[in-house]
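Hello,

Here is the structure I promised to pass on to you. Please have a look at it first, and then read on for what I found in it.

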Amino acid sequence: MAQTIGINMSIRFPPFVQRLFFLAAAAALILALWSAMVAIRFVPENLLPGPAAVMQAGWQEAVSGRLLVSTEISMLRLCSGFAIGAAIGVVLGILMGLAPVVRMALAPIVELLRTIPPLAWIPLAIIWFGIGEASKLFLIALTAFIPIVIATDRGVKQIDPVLMRAARSLDVPSHRMMTGVVLKAAMPDIATGLRLGWTLSFAILVGAEMIAADAGIGHMLMRAMNVGRFDIVILGILFLGVLSIATDAILTFLIARFLLHWHMGSDKEVQ
Amino acid sequence: MAMRSSKGLSIASGSVIAVAAWLLLWETASRLELLDPFLAPPPSVLFTTAWELVTEGFPDGITMQGHVVATLGRVLIGFGVAAALAIPLGIAVGYMPTLELLFGSIITFGRSIAAISVLPLFVAWFGIGEMSKILLIAFAAFWIIITYTASSVKFVDPMLLRAARSMDAGEGTIFRSVVLPAALPRIFTGLKVGLSVAFLVIAAAEMVATVKGLGALIQEARTSFRTDITMVGMLAIGVIGYLTSKLLDVLAGRLMPWHRPSE
């Protein structure tokens, strides 16, 4: 459709200049809409501060170091939970993919887990683990676990049997079989699962942190709401959005660099 | 081992055996108090509880049906609003490269915002009633559906378009008879993902300031130390999420009889 409609600007400008231009235009559009909403008193001004007020709040939170501390706590929490969920997910996924008996036993549980939205686990997580750190980690780990175990199982199940037979006929020892053949062949699927798991656990992070907020970005949001600092609420929402995009880019880079570096066309696979 | 003999059985009967085995294991462990019956009430208790919820209700006599209707109503309205806005806008964005350049980054950012983090803001703006919950669902589902719709239109097989053009089809005809049908499967995927996000969001949103709805039910049950009710409520959310998703599949089958879903 590019040939028929629209302006093809890439002839005159390098693509990144063009992208930068449209990014700036999009930002300007959002800022204008936001300012207009403030101007027409869409809601009382203290409930919707303008862009300048939010930026000022951002500056204050950043300079005071509070934003950094909250970010550190939230990210540490997210990474720990994600690591637990990913480790269990990959191991169980491989077992399910390799042994039909394991798949038969675990498939109903995985199917059940995927139908229940992760945030619906909040009350049960509190019953099981209390309101401390453990219940938050449980929620994050569970959220990451589900797409990762499903993707790993799918990846291992689809390994070309010829690969396995070839490796066996070459007398590859079983531990090398796991790292050199099974994990590698299933890696594109596992990578997809890891990225989806990360995005989902990021999306529920604030929900997990609302359980009894003590620290972290979720806590920052809740406290700001309770004291009526909506500039900080909006700051927190936008900051989380930026952080989500940034960490997803980092994860994508790490996967391409360390897990799929040998895989041709891996960029396309993980997109 | 009993499991080994199931190897030759079909997948379906294998799952039935697996489910039965898990339930039996759970029941026995809970009865023998290997599992704390408060933390993990046995399945038989959950059945009784489910019946109690249907006939008597909890809390204040709000029956399970009442909770389901409340949750389902919020989800369907919010999801409907999101779909009604996101599908036409997504088609426009996917069809016109200039719009895509302008709105692509906004859509990416909107999708990256954790919907739950917007809850405090919406509660402040629209009150703690129905409005904030419905709008939160609409907000969350909107970005997902518009993402899938835009890419569905953008990535229509160029071969199809060239074929249609070489047969002298007009732009209008191409749009109606080629682009839309080719985009429909992915739009439906977007709707399904959007629906699952809607259920994710409502489960948390209902834990704030309401007594009606499945999210409220499981939260209320926790504060009254009724783990059994919490578990039944969670299962109910899972079941209605599953059923509405299947309903979308049926609708997709009706609208696209030529299309075979991949999984």
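A good place to begin is chain A, where 72% of the contacts with a separation of 6 or more are between residues 24 or more positions apart. In chain B, the corresponding share is 70%. Please keep in mind that this is a predicted model.

**The two chains**

Chain A has 11 helices and 0 strands. Chain B likewise comes to 11 helices and 0 strands. The C-alpha atoms of chain A fill a box of roughly 75 × 60 × 30 Å along the principal axes, and the C-alpha trace of chain B spans about 75 × 60 × 30 Å. For chain B there is also a radius of gyration, 23 Å, where a compact globule of 263 residues would have one near 18 Å.

As for burial, 38% of the 271 residues in chain A are buried. In chain B, buried residues make up 41% of the 263 residues.

**How confident the prediction is**

The mean pLDDT of chain A is 87, and 92% of its residues reach 70 or more. Residues 1-6 of chain A have a pLDDT below 50, and this stretch has 9 contacts in the model beyond near neighbours in sequence. Residues 266-271 of chain A also stay under 50. For that stretch the model has 13 contacts beyond four places in sequence. I would read both stretches with those values in mind.

**Where the chains meet**

The contact between the chains takes 50 residues from chain A and 48 residues from chain B. On the side of chain A, the elements that give two or more residues are α1 (15-39), α4 (100-115), α5 (122-129), α8 (174-209), α9 (217-226) and α10 (230-259). Which classes of residue make up this side of chain A? There are 44 nonpolar and 6 polar residues, and no charged residues.

One of these elements, α9(A), is worth a visit of its own. Its buried residues are Ile217(A), Gly218(A), Met220(A), Leu221(A), Met222(A) and Ala224(A). They pack against α3 (66-98), α8 and α10 of chain A, together with α6 (115-126) of chain B. After α9(A) comes Gly228(A), with a positive phi near 75°.

Another residue to click on is Leu251(A), which sits in helix α10 of chain A. Is Leu251(A) buried, partly exposed or exposed? Leu251(A) has 19 other C-beta atoms within 10 Å, and a residue needs 20 or more to be buried, so Leu251(A) counts as partly exposed. Leaving aside residues up to four places away in sequence, Leu251(A) touches Leu194(A), Arg195(A) and Trp198(A).

**The core and a helix pair**

The largest nonpolar core has 133 residues. Those with the most contacts inside it are Leu136(B), Ile137(B), Ala141(B), Ile145(B), Ala198(B) and Val201(B). If you center the view on Val201(B), you will find it touching Ala115(B), Ile116(B), Leu136(B), Ile137(B) and Ala140(B), with residues up to four places away in sequence left out.

Chain B also has a helix pair to look at. The axes of α4 (residues 64-95) and α5 (residues 97-112) of chain B come within 6 Å and cross at roughly 115°. In this pair, Ala92(B), Val93(B) and Gly94(B) of α4(B) meet Leu99(B), Glu100(B) and Phe103(B) of α5(B). By class, the residues of this contact divide into 4 nonpolar, 1 polar and 1 charged.

**Backbone details**

Most residues other than glycine have a negative phi, and most peptide bonds are trans. A few places in this model go the other way:

- A cis peptide bond joins Phe58(B) and Pro59(B), with omega about -15°. Pro59(B) is in the loop between α3 (43-55) and α4 of chain B.
- Arg41(A) has a positive phi, near 55°. This residue is in the loop between α1 and α2 (51-64) of chain A, and it counts as exposed because it has 9 C-beta neighbours inside 10 Å.
- Phe225(B) has a positive phi near 55° too. Phe225(B) lies in the loop between α10 (214-223) and α11 (227-255) of chain B, and with 11 C-beta neighbours inside 10 Å it is also exposed.

Enjoy exploring, and best wishes.

Methods. Residues numbered from 1 in each chain as written. Chains lettered and ligands numbered in written order. Predicted model: local features only at pLDDT ≥ 70, side-chain atom pairs only at ≥ 80, totals over all residues. Core = buried A, V, L, I, M, F, W, Y, C linked by C-beta atoms within 7 Å. Buried ≥ 20, exposed ≤ 12 C-beta atoms within 10 Å, placed from the backbone. Contact = placed C-beta atoms within 7 Å. pLDDT = per-residue confidence, 0-100. Helix = DSSP H or I, 4+ residues; strand = E, 2+ residues; numbered from the N terminus. Nonpolar A, V, L, I, M, F, W, Y, C, P; charged D, E, K, R; others polar. Axes fitted to C-alpha atoms, helices over the stretch in contact; angles between N-to-C directions. Rg over C-alpha atoms; globule rule 2.2 N^0.38 Å.
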